[in-house]
Amino acid sequence: MDDRQGCLAGLLEMLFVTAIFDWLEERFGFGRGCSCTGCGCGILILIVFIIVMCQIAFGTNWFKIFGF
């Protein structure tokens, strides 16, 4: 059975994830300025954001890949 989402659902998920990413970046990431916590958390948030966006765009189930 094909469990892929439709175009509108994918776009809405991407919009929601982008809004969360912007909020997190402003509070904890690069938006805090040039500090150690801003840079460290900013890079971590960016990596998680890229993974989630790839999961939405390509339909990859990361938990199934790693055996969870």
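**Reading a predicted three-helix chain**

Tutor: Let's start with burial: buried residues make up 16% of the 68 residues in this chain. Keep in mind that we're looking at a predicted model.

Student: Okay. How many helices and strands does the chain have?

Tutor: Three helices and zero strands. Walk along from the N terminus and the elements run α-α-α.

Student: What about the outside? How much accessible surface does the chain have, and what share belongs to carbon and sulfur atoms?

Tutor: The accessible surface comes to about 5,500 Å². Carbon and sulfur atoms account for 73% of that.

Student: Let's take the helices in order. How do I check the span of α1?

Tutor: Count residues and allow 1.5 Å for each, then look at the end C-alpha atoms. Helix α1 covers residues 7-27, which is 21 residues, so it should span 30 Å. Its end C-alpha atoms are 30 Å apart, in agreement with that.

Student: Which residues of α1 are buried?

Tutor: A residue is called buried when its relative accessible area is under 20%. In α1 that label goes to Gly 10, Val 17, Phe 21 and Glu 25. Look down the axis of the helix and the buried residues fall within an arc of 70 degrees, so they line one face of α1.

Student: And which exposed residues are on the face turned away from that buried side?

Tutor: You'll find Leu 8, Leu 12, Leu 15, Phe 16 and Glu 26 there. Glu 26 has a relative accessible area of 53%, and it counts as exposed because the cut-off is over 50%.

Student: Let's do charges. How many salt bridges are counted here?

Tutor: To call one, you look for a side-chain nitrogen of Lys or Arg within 4 Å of a carboxyl oxygen of Asp or Glu. By that rule the count is one salt bridge. Arg 27 pairs with Glu 26, and their closest N and O atoms are 3.6 Å apart. While Glu 26 is exposed, Arg 27 is partly exposed at 42%.

Student: How do I read contacts between parts of the chain that sit far apart in sequence?

Tutor: Pick a residue, skip its sequence neighbours and see what it touches. Try Gln 5, in the segment before α1. Leaving out residues up to four places away, Gln 5 touches Gly 10, Glu 13 and Ile 56. The C-alpha atoms of Gln 5 and Ala 57 are separated by 9.8 Å, although their positions lie 52 residues apart along the chain. Gln 5 is partly exposed, at 36%.

Student: What share of the contacts join residues at least 24 apart?

Tutor: It's 38%, taken among contacts between residues at least 6 apart in sequence.

Student: On to α2. What does Leu 46 touch?

Tutor: Leu 46 is in helix α2, and beyond its sequence neighbours it touches Phe 21 and Glu 25. Those two are on the list of buried residues in α1. Measure of separation for one pair: the C-alpha atoms of Leu 46 and Phe 21 are 8.1 Å apart, with 25 residues separating them along the chain. Leu 46 itself is partly exposed, at 35%.

Student: Which residues make the nonpolar surface patch?

Tutor: Phe 30, Ile 43, Leu 46, Ile 47, Ile 50 and Ile 51 make it, with an area of about 520 Å². Ile 50, for one, is in helix α2, residues 36-58. At a relative accessible area of 45%, Ile 50 is partly exposed, so it clears the patch cut-off of over 30%.

Student: Last stop, α3. What is Trp 62 in contact with?

Tutor: Trp 62 lies in helix α3, residues 62-65. Set aside its neighbours within four places and its contacts are Ile 51, Cys 54 and Gln 55. Trp 62 and Ile 51 are 11 residues apart in sequence, and 8.8 Å apart C-alpha to C-alpha.

Student: And Cys 54: where is it, and what does it touch?

Tutor: Cys 54 has its place in helix α2. Beyond its sequence neighbours, Cys 54 touches Gly 59, Thr 60 and Trp 62. On accessibility, Cys 54 is partly exposed at 28%, and Trp 62 is also partly exposed at 28%.

Notes: Residues numbered from 1 in each chain as written. Predicted model: local features only at pLDDT ≥ 70, side-chain atom pairs only at ≥ 80, totals over all residues. Heavy atoms only, no water. Helix = DSSP H or I, 4+ residues; strand = E, 2+ residues; numbered from the N terminus. Buried < 20%, exposed > 50% of the residue type's maximum accessible area, 1.4 Å probe, protein only. Contact = heavy atoms within 4.5 Å. Areas by Shrake-Rupley, 256 points an atom, 1.4 Å probe, with all protein chains shown as cover. Patch = residues over 30% accessible without salt bridge, like charges linked within 9 Å, V, L, I, M, F, W, Y side chains within 5 Å. Expected span 1.5 Å × (residues − 1). Arc of directions from axis to C-beta.
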